[in-house]
Amino acid sequence: MSSTFETVAGIISETADIPREQITPESHAIEDLGIDSLAFLDIAFAIDKAFGIKLPLEQWTQEVNEGKAPAEEYFVLKNLVARIDALVAAKQA
Amino acid sequence: MRLEYFEMIDRVTSLDRETKRIEVSSVVPQESPVFEGHFPGHPLVPGVLLTETMAQASGYLVLGLMGFTHMPFLMGVDKARFRTFVGPGTVLAVTAQLEHEGSGYAVTKARITAEGKPICDAELRFRIMPFPEGMDGLMRAQARRIGLLEESV
């Protein structure tokens, strides 16, 4: 598994007090791991700091609320990791 | 300060947009109903109100930097430390520094000193949301009261 996933899984485990072994790339942060919106902001802060990026949470939330994107696209961890990698790549470009 | 009304900030001393830092001042009142219980005969400002003071300074910082477009709501307090007692008449110097501006949230570090001596410090997190109806005007009025709007926004 990618180092990005390992970092994100570690952050989620520590921030939301979820056993690391329960966190897989297929995990849905909300539905499977039970992370609420407040805890997700704590996780976003840790991810922002760890990767030097700014997760566009407001944009994602708006897209989900307006039906333009399914929540899985952002909150299933393998998808979240892909987006983090894209943001890091865009920053380095 | 009017502790019982949660008016914790007396005056904004400076708001530096470049360094994203605010300095405010407040004077602890000589008398307050709060002191009747905390503690009888031994008046001390409760730590929770010192935390609120740091949160309000941080909140005005975020409001000022964002041009009063959204409202910051306190959602987390980390690493809070209370280093000494604060009694009536104490002149507080409060500073708050924006540490991180996320999408829909902000993180600050705030501290309070009195006569240069550290009183307390904490890392604070805020959820940034649209103003609830009617709160915009209320916050602008409070900002004018403490000298934020005419000086900085």
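**Exercise 1. Determine whether the radius of gyration of chain B agrees with that of a compact globule.**

Solution. The model under study is a predicted one. Step one is to take the length of chain B, which is 153 residues. Step two is to set the expectation: for a chain with this number of residues, a compact globule would have a radius of gyration near 15 Å. The rule behind this expectation is 2.2 Å times the number of residues to the power 0.38. Step three is to compare: chain B has 15 Å, so the value agrees with the expectation. For the outline along the principal axes, the C-alpha atoms of chain B fill a box of roughly 45 × 30 × 25 Å.

**Exercise 2. Describe the secondary structure of chain B and the share of its residues that are buried.**

Solution. Chain B contains 4 helices and 6 strands. Their order from the N terminus is β-β-α-α-β-β-β-β-α-α. Of the 153 residues, 33% are buried. Among contacts in chain B with a separation of 6 or more, 69% join residues 24 or more positions apart.

**Exercise 3. Decide whether B:Leu15 is buried or exposed, and place it in its element.**

Solution. B:Leu15 belongs to strand 1 of chain B, which covers residues 11-16. The cut-off for a buried residue is 20 or more other C-beta atoms within 10 Å. B:Leu15 has 22 C-beta neighbours inside 10 Å and therefore counts as buried. As for its distance from B:Glu133, the two residues are 118 apart in sequence, and their C-alpha atoms are 27 Å apart in space.

**Exercise 4. Carry out the analysis of Exercises 1 and 2 for chain A, starting from its 93 residues.**

Solution. A compact globule with 93 residues would have a radius of gyration near 12 Å; chain A has 12 Å, so the two agree. The box filled by the C-alpha atoms of chain A is roughly 30 × 30 × 20 Å along the principal axes. Chain A has 5 helices and 0 strands, which gives the pattern α-α-α-α-α along the sequence. Buried residues account for 26% of the chain. Of the contacts in chain A with a separation of 6 or more, 59% are between residues 24 or more positions apart.

A UniProt record, an unreviewed entry, places the feature "domain: Carrier" at residues 2-88 of chain A. Over residues 2-88, chain A is 62% helix and 0% strand, with end C-alpha atoms 14 Å apart.

**Exercise 5. Test the length of helix 5 of chain A, and find on which side its buried residues lie.**

Solution. Helix 5 of chain A covers residues 77-92, that is, 16 residues. At 1.5 Å a residue it should span 22 Å, and its end C-alpha atoms are 22 Å apart, so the length agrees. The buried residues of this helix are A:Leu77, A:Leu80, A:Val81 and A:Ile84. They cover an arc of only 100° around the axis, which means that they lie on the same side of helix 5 of chain A. An α-helix has 3.6 residues a turn, so residues three or four places apart point the same way. On the other side of helix 5 of chain A, A:Ala86, A:Ala89 and A:Ala90 are exposed. The cover over the buried residues includes helix 1 (3-16), helix 2 and helix 4 of chain A.

**Exercise 6. Classify A:Glu72 by its exposure and list its contacts beyond four places in sequence.**

Solution. A:Glu72 is part of helix 4 of chain A, residues 72-75. With 14 other C-beta atoms within 10 Å, A:Glu72 is partly exposed, because the class in between buried and exposed lies between 20 or more and 12 or fewer such atoms. Apart from neighbours within four places in sequence, A:Glu72 is in contact with A:His28 and A:Asn79.

**Exercise 7. Identify which helices of chain A supply at least two residues to the side that touches chain B, and examine helix 2.**

Solution. Between the chains, 11 residues of chain A are in contact with 10 residues of chain B. Helix 2 (37-51) and helix 3 (57-65) of chain A each supply at least two residues of the side of chain A that touches chain B. Helix 2 of chain A gives the most, with 6 residues. By type, the residues of this side of chain A divide into 7 nonpolar, no polar and 4 charged.

Helix 2 of chain A has 15 residues and should span 21 Å; its end C-alpha atoms are 21 Å apart, which agrees. Buried residues in helix 2 of chain A include A:Phe40, A:Leu41, A:Ile43 and A:Asp48. After helix 2 of chain A comes A:Gly52, with a positive phi near 65°.

Key
Residues numbered from 1 in each chain as written. Chains lettered and ligands numbered in written order. Predicted model: local features only at pLDDT ≥ 70, side-chain atom pairs only at ≥ 80, totals over all residues. UniProt positions renumbered as here; feature names shortened; annotations may be inferred. Contact = placed C-beta atoms within 7 Å. Nonpolar A, V, L, I, M, F, W, Y, C, P; charged D, E, K, R; others polar. Expected span 1.5 Å × (residues − 1). Arc of directions from axis to C-beta.
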